[in-house]
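Hi everyone, thanks for coming. Today I would like to walk you through one protein chain, a piece at a time, with the picture in front of us.

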Amino acid sequence: MLVRLREMSLRSVLRRATSTLGATLAAIWDRWQAYERIEARGLALLTAWLSPEQRAQFEKYKRFDVIGSESGKRYRICYGTSTNVYEMDSGDRIVLGWCFRPVGALAAGDVMLAQKIALETDERGTLLVAKPFPSSMPPRANLPPVS
C-alpha cells in the first residue's frame, strides 16, 4: 500500500480526491432536492384538504386542530411524522399525546393528512391503535388557538 502511494503523485491523489468529493456532494445535493420536492408535494396535498380555518392555523403556527368523529374532542396535529398529535381540553391545554402514523417512510404533510382523516372519520378505531404518551408540551403545540 505504501509503495503504491509513493508511486502516485500528490497532484493525482488530490485530483482523485477532488473528483470523489465532487461526486459525493452532487449526490447529496440531488437527494436533498428530491426530498424537498417530496416534502413540497406532501404539504400541498395537506393544505388542499384543510378547511380555511385549519389552513390559517397551519400557515401561522405549523399545526391545526381537528374534531374527533365520535367524541367531539379536539386534537391538535403539529408539523411532524410521529408524537405530533395532542388531545386538547376546553382551556386549550394538552390533555394527552397520541402517537399513530401510517406505515412507510412518508413526508410530514402526508402523515399529517392521514392523521387528520383518521381522527375525523374513525376516531375510535384510530385511538385503539394509537399509543398515548405524556403531555409534556412542546412549544409548537401550546400556541394560542386561531380565532
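**A walk through the chain**

Let's begin at Thr-83, which is partly exposed, with a relative accessible area of 37%. You will find Thr-83 in the loop between β2 and β3. Please keep in mind that what you see is a predicted model. Now, what is the phi of Thr-83 near? Near 40 degrees, a positive value in a residue other than glycine. That is worth a pause, because most residues other than glycine have a negative phi.

Step along to Asn-84, which lies in that loop between β2 and β3 as well. Is Asn-84 buried or exposed? Asn-84 is buried, with a relative accessible area of 0%. And what does its side chain reach? The side chain of Asn-84 comes to 3.2 Å from the backbone oxygen of Gly-80. There is also a polar contact of 3.0 Å between the side chains of Asn-84 and Gln-115.

Let me zoom out for a moment. The protein chain has five helices and five strands. Going along the sequence, the pattern reads α-α-α-β-β-β-β-α-α-β. The chain is 147 residues long, and 31% of them are buried. If we take contacts between residues at least 6 apart in sequence, 57% of those join residues at least 24 apart.

Next, the first two strands. β1 and β2 run antiparallel, and five bridges join them. To place one pair for you, Val-66 stands opposite Tyr-75 in β2. The hairpin of β1 and β2 has six residues between the strands, and there Gly-72 takes a positive phi near 80 degrees. β1 is mostly covered, with four of its five residues buried.

That brings us to the inside. A general point for the first-years: in soluble globular proteins, nonpolar side chains tend to be buried together. Here, the largest nonpolar core has 15 residues, and the ones that touch the most other members are Leu-46, Phe-64, Ile-77, Val-85, Phe-100 and Leu-119. Which elements give two or more residues to this core? They are β1 (63-67), β2 (74-78) and α4 (108-121). The biggest giver is α4, with four residues.

Let's look at Ile-77 from that list. Leaving aside neighbours within four places in sequence, Ile-77 is in contact with several residues, including Phe-64, Val-66, Val-85, Met-112 and Leu-119. Our friend Asn-84 is among the contacts of Ile-77 too, and so is Gln-115. There is also a second, separate core of five residues, which includes Cys-78, Met-88, Ile-94 and Phe-133.

Now for the rings. How many aromatic pairs does the structure hold? It holds two. In one pair, Phe-58 and Phe-64 have ring centres 6.2 Å apart and planes at 70 degrees, so the pair is edge-to-face. Both Phe-58 and Phe-64 are buried. In the other pair, Tyr-86 and Phe-133 have ring centres 5.7 Å apart, and because their planes are at 75 degrees, this pair is edge-to-face as well. Tyr-86 belongs to strand β3 (residues 85-88) and Phe-133 to strand β5 (residues 131-133), so this pair ties together parts that are 47 residues apart in sequence. How covered are these two? Tyr-86 counts as buried, at 3% relative accessibility. Phe-133 is buried too, with a relative accessible area of 16%.

Back to Phe-58, since its ring has another partner. The charged end of Lys-62 sits over the ring of Phe-58, 5.0 Å from its centre. Where is Lys-62? In the loop between α3 and β1. Lys-62 is partly exposed, with a relative accessible area of 45%. Lys-62 also has a positive phi, near 60 degrees, and it is a residue other than glycine.

One last stop, in helix α3 (residues 52-61), where Glu-59 has its place. Is Glu-59 buried or exposed? Glu-59 is exposed, with a relative accessible area of 58%. Its C-alpha atom is separated by 9.1 Å from that of Thr-47, which is 12 residues away along the chain.

That is the tour. Thank you for listening!

Terms used. Residues numbered from 1 in each chain as written. Heavy atoms only, no water. Phe/Tyr/Trp six-rings, centres within 6.5 Å; stacked < 30°, edge-to-face > 60°. Buried < 20%, exposed > 50% of the residue type's maximum accessible area, 1.4 Å probe, protein only. Lys NZ or Arg CZ within 6 Å of the ring centre and 35° of its normal. Core = buried A, V, L, I, M, F, W, Y, C linked by side-chain atoms within 4.5 Å. Contact = heavy atoms within 4.5 Å. Pairing = 2+ DSSP bridges. Polar contact = N/O pair within 3.5 Å; in protein donor to acceptor, adjacent residues only side chain to side chain.
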